[in-house]
Amino acid sequence: MGPRCARVLRWLLLAQAAWQAAGGRPCDAKDFGQGSLVCVCSATYCDTLDPVVLPAHGTYVRYESSKAGKRLERSQGSFQRNAAAPDFHLTLDTAQRYQKVKGFGGSVTDSAAINILSLSKDAQNHLLRSYFSEEGIEYNLVRVPMASTDFSVRLYTYADAEGDFELKHFNLTEEDTRMKIPILWAAQAMAKRPLSLYASPWTSPVWMKTNGAMTGRGTLKGSPGDKYHQAWAKYFIRFLDEYAKHNLTFWAVTAGNEPTAGEIIFYPFQCLGFSPEHQRDFIARDLGPALANSSHRDVRLIILDDQRVMLPYWAEVVLKDPVAASYISGIGIHWYLDFLAPIDLTLSITHHLFPDYFLLSTEASTGSYFWEPRVVLGGWDRGSKYSHSILTNLNNYVTGWTDWNLALDTKGGPNWSKNYVDSPIIVDSSKDIFYKQPMFYHMGHFSKFIPEGSQRVGLAVSKRCHRCDLEHSAFLRPDGTVVLVVLNRSPVDVSFGISDPRVGFIEATALSDSIQTFLWKQPA
């Protein structure tokens, strides 16, 4: 059989499988020899999911992905009423209530936009529908950089004219008007619910900075309350104004991406240094009042937007000032130095010290360490790393989790400083195709099934499982449905039970290297 005939036969088999799947189209799997599969999408074909249909009372649905090749595969079963629970089981306790969920999503960087728009219109549509529509994984959070980042092809801000304190020459760029804004419009049109956008700046214009450069060690000239800090605060308002003209409003802004990076000599890409004391005073005297006195007074303000190893110290410095605290809603965290920062000594303690301020994971990516390969097509462990982070964060009061670039090329870029990383979707524009990585499906186990407003609830473990590595978290959705996510990072299958005292008992198995999401209704 020739290669063309084989390809035709493959499409016919996929079409037959899609028809048998009653709506959802299966993964067009490809193995690059990296341990698991990617799903190939093109202008003419992409795997899809059916909208979530809740099961009848006394039954449950399960979605499962695995290193062996399952990708959000749906199955259904019934609760048992009189079964004896195995030694290892999880018991739901909805009387215990914790934080409410904001959501899950990714970032529309310049590079993500370049890659998405490098595809044909039909392939672009498949990619965005995969992320935002009911036939995809239903992202609801989108981080939008304010001007350039390392994931841009050039360095720029919106106010590069020297000494423009009134920002008379402030302008969005073609990266916004021709790339990011049209993508955000398309994403919102596909989404069932409104998207929550939040913006982060990497650097101020160089004429505002002590080092006169977008990179390297430098902060704002002067001191809080002066013309430089006032102009930088006004820059945030002008950004929100200009996006509003394009019918895009923001849920939140962060005070600045990774403020500690700007304290590092020779830092290789855009940054703006702030200490916690400097950020506190800038918010109290400049940014907070600027937001409060603008038409964007309802936009939330998020501090830190940096590694969690800075907590709780950063929060203590900023939030113990009553003026600064009055303008702030949340604390943003990145994951890159998590190995230096035990989660209970950073996130949990911060929540207990400041329970009225939400915690949100604002950036994560794999392939970022110098010893790692940048892009690994089919790397299951990278997806497991995402789910492990999400579960541990959710179990320590974090309200949501944001991936970094929505899409990158096969090198992990473009990136002007060559700081390449991996992404849940990798685009090969030369073939007009994109690959959905295991990371994409791991994200979907949360984003599709745990909508905004869901609340984490109690989940008791009968005993520690010494031969397995199960991780889990349970939620009660606004519609009253229970969601339970179970991750097995071990190389062996693990039998376990799920007990809901109001419904019954499920006998389950977590396959080796797998993740499962269970959904069921409780009695009214």
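Colleague: Where is H126 found in this predicted model?

Modeller: H126 is found in helix α3, and the model itself is predicted.

Colleague: Why is H126 called buried?

Modeller: The relative accessibility of H126 is 11%. Buried means under 20%, so H126 counts as buried.

Colleague: What makes the link between H126 and S42 a polar contact?

Modeller: The side chain of H126 reaches the backbone oxygen of S42 at 2.7 Å. The limit for such a pair of N or O atoms is within 3.5 Å, and 2.7 Å satisfies that limit. Beyond four places in sequence, H126 also touches other residues, including R25, Y45, C46 and F434.

Colleague: How do you know that the length of α3 is close to what is expected of a helix?

Modeller: Helix α3, residues 121–132, has 12 residues and reaches 16 Å from its first C-alpha to its last. The expected value at 1.5 Å a residue is 16 Å, and the span of α3 is close to it.

Colleague: Which residues of α3 are buried, and what covers them?

Modeller: The buried residues are A123, Q124, H126, L127, L128, S130, Y131 and F132. Their cover includes the helices α2 (110–117), α4 (174–190) and α11 (438–447), together with the strands β7 (141–146), β15 (425–428) and β16 (433–436).

Colleague: Why are α3 and α4 called oblique to each other?

Modeller: Their axes come within 9 Å and cross at roughly 55°. Angles under 35 degrees count as roughly parallel and those from 65 to 115 as roughly perpendicular; the crossing at roughly 55° belongs to neither class, and α3 and α4 are therefore oblique. The crossing is right-handed. At this crossing, N125, L128, R129 and F132 in α3 meet I183, A186, A187 and M190 in α4.

Colleague: What makes α5 oblique to α6?

Modeller: The axes of α5 (residues 227–245) and α6 come within 9 Å and cross at roughly 50°. That angle makes α5 oblique to α6. Here too the crossing is right-handed. Among the residues that meet are Q230, W232 and F236 in α5, and F282, R285 and L291 in α6.

Colleague: Why is R285 called exposed?

Modeller: R285 is found in helix α6, residues 276–292. Its relative accessible area is 54%; exposed means over 50%, so R285 is exposed.

Colleague: Which residues does R285 contact beyond its neighbours within four places in sequence?

Modeller: R285 is in contact with P224, G225 and Q230. Its side chain reaches the backbone oxygen of P224 at 3.3 Å, and that value lies within the 3.5 Å limit for a polar contact.

Colleague: What is notable about phi of Y397, and is the residue buried or exposed?

Modeller: Phi of Y397 is near 80°, a positive value in a residue other than glycine. Y397 lies in the loop between α10 (380–394) and β13 (398–405). Its relative accessibility is 14%, and with the cut-off at under 20%, Y397 counts as buried.

Colleague: Why is D513 called buried?

Modeller: D513 is found in the loop between β21 (504–510) and β22 (514–521), and its phi is near 45°. At 13% relative accessibility, against a cut-off of under 20%, D513 counts as buried.

Colleague: Which value of omega goes with the cis peptide bond from L311 to P312?

Modeller: Omega is near 5° for that cis bond. P312 lies in the loop between β10 (300–307) and α7 (313–319). The peptide bond from G413 to P414 is cis as well, with omega near 5°.

Methods:
Residues are numbered from 1 along each chain as its sequence is written. This is a predicted model: local features need pLDDT of at least 70, side-chain atom pairs count only at pLDDT 80 or more; totals for chains, interfaces and linings use all residues. Side-chain values use heavy atoms; hydrogens and water are left out. Helices (H or I, at least four residues) and strands (E, at least two) are DSSP runs, numbered from the N terminus. The expected span of a helix is 1.5 Å times one less than its number of residues. Buried means under 20% relative accessible area, exposed over 50%, partly exposed in between (1.4 Å probe, protein chains only). Contact means heavy atoms within 4.5 Å. A polar contact is a pair of N or O atoms within 3.5 Å; within protein, one must be able to donate a hydrogen and the other to accept it, and residues adjacent in sequence count only if both atoms are side-chain atoms. Axes are lines fitted to C-alpha atoms, for helices over the stretch in contact, and angles run from 0 to 180 degrees between N-to-C directions. Angles under 35 degrees count as roughly parallel, over 145 as roughly antiparallel, 65 to 115 as roughly perpendicular and the rest as oblique. A crossing is left-handed if the near helix is turned anticlockwise from the far one by less than a right angle, and right-handed if clockwise.
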